[in-house]
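This briefing accompanies the sequence and structure shown below. Please read it with the structure open, since the points are grouped by topic.

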Amino acid sequence: MKNLAGIKKYNCELNKAIKESLIDALYLLLKNKSNKKITVTELCKKAGVSRVAFYNNFKTIDEVVNLTFYVKSHTMLEIIGNPFSNANCLDWYVNLFEEIGKNKEFFKILFDSDYQYRYLSIVNYNVLKHLANASEEEKTMRLLWAGAMVNRIIIYLKEGAIDNVNDLAKDCFKYLSKFSLNNK
């Protein structure tokens with residue numbers, strides 16, 4: 001039984017390494033190539049993994065994109081905190097735009113590859129995933145907030161991420177904090 005636990009642990013670690021390699025390889029390929037021209041074979045070669053390893057973890061390259069955004073979003077939320085716990089705090093918005101600025105190349109490459117709507121889909125999923133018993137009002141408010149934030153991030157990056165982070169944060173705080181519903 002002990003050996004079985006060790007094998008399971010090894011397989012989990014291997015799958016994690018495969019996924020990380022594929023995420024990194026996709027990012028590198030998107031720097032120089034259209035997303036529509038990237039093949040599974042090319043992605044696997046760049047990542048140093050087999051096609052079998054790819055298909056054991058993903059069905060399509062789009063699933064790699066989804067995981068890429070999910071991992072990046074999760075990492076950022078670990079740094080800046082939950083927006084629905086902290087969305088009434090100006091500092092949360094400042095921290096968000098600072099993190100976006102630090103990761104602007106990552107987001108710009110993916111958005112330039114027409115994945116901004118995929119990012120919105122991931123954000124929408126994340127803001128709704130723990131709201132099974134929430135009212136339609138709360139779900140709607142969270143989706144409105146998410147759409148506004150993603151659009152603001154897209155515009156911020158398309159304009160070269162040169163806007164003053166504090167000014168962006170103040171505007172978002174002023175107009176969007178009421179959508180957090182964390183006071184209810």
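Leaving aside neighbours within four places in sequence, Q116 is in contact with L110, F111, V150 and I154. The structure is a predicted model, and Q116 is found in its helix α8. With a relative accessible area of 11%, Q116 is buried, because buried here means under 20%.

**Overall architecture**

- The protein has 10 helices and zero strands, so that its pattern, read along the sequence, is α-α-α-α-α-α-α-α-α-α.
- Taken along the principal axes, the box filled by the C-alpha atoms of the protein is roughly 50 × 45 × 25 Å.
- Of the 184 residues of the protein, 41% count as buried, and the accessible surface comes to about 10900 Å², of which carbon and sulfur atoms account for 53%.
- When contacts between residues at least 6 apart in sequence are considered, 66% of them join residues that are at least 24 apart.
- The protein carries 27 positive and 20 negative charges, and the mean positions of these two groups are 6 Å apart.

**Helix α7 and the loop that follows**

- Helix α7 covers residues 104–112, and within this helix F106, F107, I109, L110 and F111 are buried.
- Two of these buried residues, L110 and F111, are among the contacts of Q116.
- D114 follows α7 and has its place in the loop between α7 and α8.
- The phi of D114 is near 65 degrees, which is a positive value in a residue other than glycine; most residues other than glycine have a negative phi.
- D114 is exposed, with a relative accessible area of 52%, because the cut-off for exposed is over 50%.

**Helix α8 and the nonpolar patch**

- Helix α8 spans residues 116–128 and holds Y125 as well as Q116.
- Y125 is exposed, at a relative accessible area of 51%, whereas Q116 in the helix is buried, at 11%.
- Together with Y70 and V71, Y125 makes a nonpolar surface patch of about 280 Å².

**Helices α9 and α10**

- L144 has its place in helix α9, which runs over residues 136–158, and at 45% relative accessibility L144 counts as partly exposed, because this value falls between the cut-offs of 20% for buried and 50% for exposed.
- The C-alpha atom of L144 is separated by 8.9 Å from that of L176, although these two residues are 32 residues apart along the chain.
- Helix α10 is made up of residues 165–176 and includes D167, a residue that counts as partly exposed at 44% relative accessibility.
- D167 and L90 are 77 residues apart along the chain, and their C-alpha atoms are separated by 10 Å.

**Points to check on the structure**

- Which residues, beyond the neighbours within four places in sequence, are in contact with Q116? They are L110, F111, V150 and I154.
- Is D114, in the loop after α7, buried or exposed? The relative accessible area of D114 is 52%, and this residue is therefore exposed.
- Which residues make the nonpolar surface patch of about 280 Å²? The patch is made by Y70, V71 and Y125.

Note on methods:
Residues are numbered from 1 along each chain as its sequence is written. This is a predicted model: local features need pLDDT of at least 70, side-chain atom pairs count only at pLDDT 80 or more; totals for chains, interfaces and linings use all residues. Side-chain values use heavy atoms; hydrogens and water are left out. Patches are made of residues with over 30% relative accessible area and no salt bridge: like charges are joined within 9 Å, nonpolar side chains (Val, Leu, Ile, Met, Phe, Trp, Tyr) within 5 Å. Accessible areas come from the Shrake-Rupley method with a 1.4 Å probe; for residues, only the protein chains shown count as cover. A salt bridge is a side-chain nitrogen of Lys or Arg within 4 Å of a carboxyl oxygen of Asp or Glu. Helices (H or I, at least four residues) and strands (E, at least two) are DSSP runs, numbered from the N terminus. Buried means under 20% relative accessible area, exposed over 50%, partly exposed in between (1.4 Å probe, protein chains only). Contact means heavy atoms within 4.5 Å. Lys and Arg count as positive and Asp and Glu as negative; His and the chain ends are not counted. The place of a charge is taken as NZ of Lys, CZ of Arg, CG of Asp or CD of Glu.
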